[in-house]
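This report sets out selected side-chain contacts and local features for a reader at the bench. The sequence and the structure are shown first.

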Amino acid sequence: MASAGIGRASIFLASGTIVSRILGFVKLWVLAQVIGLFGASTNAFAVANQLPNTVYVIVAGGVLTAVLVPQIVRAALHNDGGTAYINKLVTLAFVILGAATIVATALAPVLTLIWGSNLPPEQLSLAIAFAYWCLPQIFFYGLYTVMGEVLNARKSFGPYTWVPVLNNIVAIAGLVIFAALYGADPGGDRLASDFTPMMIAVLAGSATLGVLVQAVVLFYFWRRIGLRYRPDFRWRGVGLGAAGKMASWTFGMIILTTIAGIVETRVATIASNNDDASVQVLNTAWLIFMLPHSVITVSVATAYFTRMSEHAAIGNLGLVKTDASSAMRGTSLIIVIASAIIVVCAYPFAAVFVSDSFSQVQATGNVIIAYLLGLVAFCLLFVLQRTFYALGDTRTPFFFTLFQVVLVVVGVLACSMLPEEWIAVGIALVVTVSGIAQTIFAALLLRGRLGGIDGKRIIQSLLKYLVAAVIPVGLGILLLVQLGGTREGGFAVSSVAQAIVSMAIIGLVMAVTYFGMLMLMRTSELKGFTEPLLARIRR
């Protein structure tokens, strides 16, 4: 019964994420049509628009995720159901976020220089101007996370995954307005000096407005589950010291990943020619990489995370281990075929954004492939990390993150010696290889903590999924070649519509074949995945 509940919650979460991600890709496509995927202005905007995400994560992102849910679940055992604790913790988070936003916005030139020092002077100036408008997003990202994680801890999972839809709608509207007022530039030919203050305000301001709407709407859902936020600055005596101790290790972990991110961006901006993949291409490929992870892994793991926290709170490590094993086997079932489909369809996927130049299609597609090779490991790592968080352990994730960051920094710096057209691909491959090594290390550490992680069963399931994917991959490659997805002027890479049709055909054939193979192999995890879905469809 509990598994069915997890299944229903995961499906509901996934449905919201699917809608949000579809709109996210619409937004990404519109952005590519409005300012291009390659070129001076798009890289300046990419550097500036990633700053609020990065600074937010440094200040509070991972800390809030790692700390809020386990602490709120424990606080629910209090006489008031944890209401007083939630108000104190949320007030503290708001104060930190507000202060960080003000300081970061004031330091916009410094922050932009740290990430984009290799940009030419005009591009750097444009990136700084964008950053002033983008950095206020920090507070609203934090507000969204705080409000959403409280809802998740109260088992109200839907709003957190559905409200990003509003963010995407607002952002798309802003891009459309920008194109209507100032014209579209899909080739990225507009110079940095062509941007006026009003153009900067419309482009970057609409991006910030979307994040604001996404956050503020969650207050409505708080009221629906009976929560009323009241600022409470009396932070002593309610166990916030324990939360702070947990947060300190997570903060250190975020600093490590930020260092790696700075190195990646600085090396990526070495590739400055219009036909070389750089920051925006890496960002686009990463969003494609994150699509199946967000829809499948995050949806399943979020539902399991609350339950693992409950089991950890009562000291039942056996059930924590069972939950972690189920989450890893359930997510990898879908992630294996999702990875395979996107790798095969990488060139058509790239053609959705840059259909005018086959060299740009190849450059973008190669980066997508390099990232996707590590998707299965990345999703397993997500579950492993959340299991440590459920146990109240943020110290161990710090050390396996340190291990990965060292590998990334060394590898990415080595990529600076590659020809410019291969720098982005090299960065993506370094991230993939280091991520696989980090996942293995994290699994060994969790195995020691829990006295085992059902490793034999997990490995057997992964091998079964990989075997089931062999024939689908072969069929997919055959279809890709027949549809002209590997040559200039081919059907699959000649227009957006043809690329989408080609991906649909290849993806459908590969998915049907994969699940057919799993049925022939009598895969138990497939039954566990499909039963709640079929039950929902029947209702």
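The sections below treat aromatic contacts, salt bridges, one helix and one surface patch in turn.

**Aromatic contacts**

The model is predicted. It holds 18 aromatic pairs. One of these joins Trp286 and Phe378 in an edge-to-face arrangement, with 5.7 Å centre to centre and 85 degrees between the planes. Trp286 belongs to helix α12 (residues 279-313) and Phe378 to helix α16 (residues 375-390), so the contact ties together parts that are 92 residues apart in sequence. Trp286 is partly exposed, at a relative accessible area of 28%, and Phe378 is likewise partly exposed, at 24%.

Helix α12 also contributes to a second pair, formed by Phe289 and Tyr371, which is tilted: the centres are 6.0 Å apart and the planes make an angle of 50 degrees. Here Phe289 in helix α12 is linked to Tyr371 in helix α15 (residues 358-372), across 82 residues of the chain. Both Phe289 and Tyr371 are buried.

Elsewhere, a single aromatic cluster is formed by Phe45, Phe130, Phe178, Tyr182 and Phe195. The face of Phe195 is also covered by Arg190, which lies 5.7 Å from the ring centre.

**Helix α5**

Phe130, a member of the aromatic cluster, is among the buried residues of α5. The others listed as buried in α5 are Gln123, Leu124, Leu126, Ala127, Ile128, Ala131 and Cys134. How does the length of helix α5 (residues 121-134) agree with the 20 Å that its 14 residues should span? At 1.5 Å a residue the expected span is 20 Å, and the end C-alpha atoms are 20 Å apart, which agrees.

**Salt bridges**

Side chains of opposite charge can pair when their charged atoms come close. The structure holds two salt bridges, and the table gives their partners and distances.

| Acidic residue | Basic residue | N to O distance |
|---|---|---|
| Asp393 | Arg449 | 2.9 Å |
| Asp454 | Arg457 | 3.8 Å |

In the salt bridge between Asp393 and Arg449, Asp393 is placed in the loop between α16 and α17 (395-415) and Arg449 in helix α18, so the pair ties together parts that are 56 residues apart in sequence. Asp393 is buried, with a relative accessible area of 10%, whereas Arg449 is partly exposed at 39%.

In the salt bridge between Asp454 and Arg457, Asp454 is partly exposed, with a relative accessible area of 29%. Arg457 counts as partly exposed too, at 41% relative accessibility.

**The backbone at Asp454**

Asp454 sits in the loop between α18 (423-450) and α19 (455-482). Its phi is near 60 degrees, a positive value in a residue other than glycine. Most residues other than glycine have a negative phi.

**A nonpolar surface patch**

Which residues make the nonpolar surface patch of about 310 Å²? The patch is made by Val103, Leu107, Val110 and Ile114. Leu107 is found in the loop between α3 (83-106) and α4 (108-116). With a relative accessible area of 39%, Leu107 is partly exposed; patches are made of residues with over 30% relative accessible area, and the value for Leu107 is therefore consistent with its place in the patch.

Note on methods
Residues numbered from 1 in each chain as written. Predicted model: local features only at pLDDT ≥ 70, side-chain atom pairs only at ≥ 80, totals over all residues. Heavy atoms only, no water. Helix = DSSP H or I, 4+ residues; strand = E, 2+ residues; numbered from the N terminus. Patch = residues over 30% accessible without salt bridge, like charges linked within 9 Å, V, L, I, M, F, W, Y side chains within 5 Å. Areas by Shrake-Rupley, 256 points an atom, 1.4 Å probe, with all protein chains shown as cover. Salt bridge = Lys/Arg side-chain N within 4 Å of Asp/Glu carboxyl O. Buried < 20%, exposed > 50% of the residue type's maximum accessible area, 1.4 Å probe, protein only. Phe/Tyr/Trp six-rings, centres within 6.5 Å; stacked < 30°, edge-to-face > 60°. Lys NZ or Arg CZ within 6 Å of the ring centre and 35° of its normal. Expected span 1.5 Å × (residues − 1).
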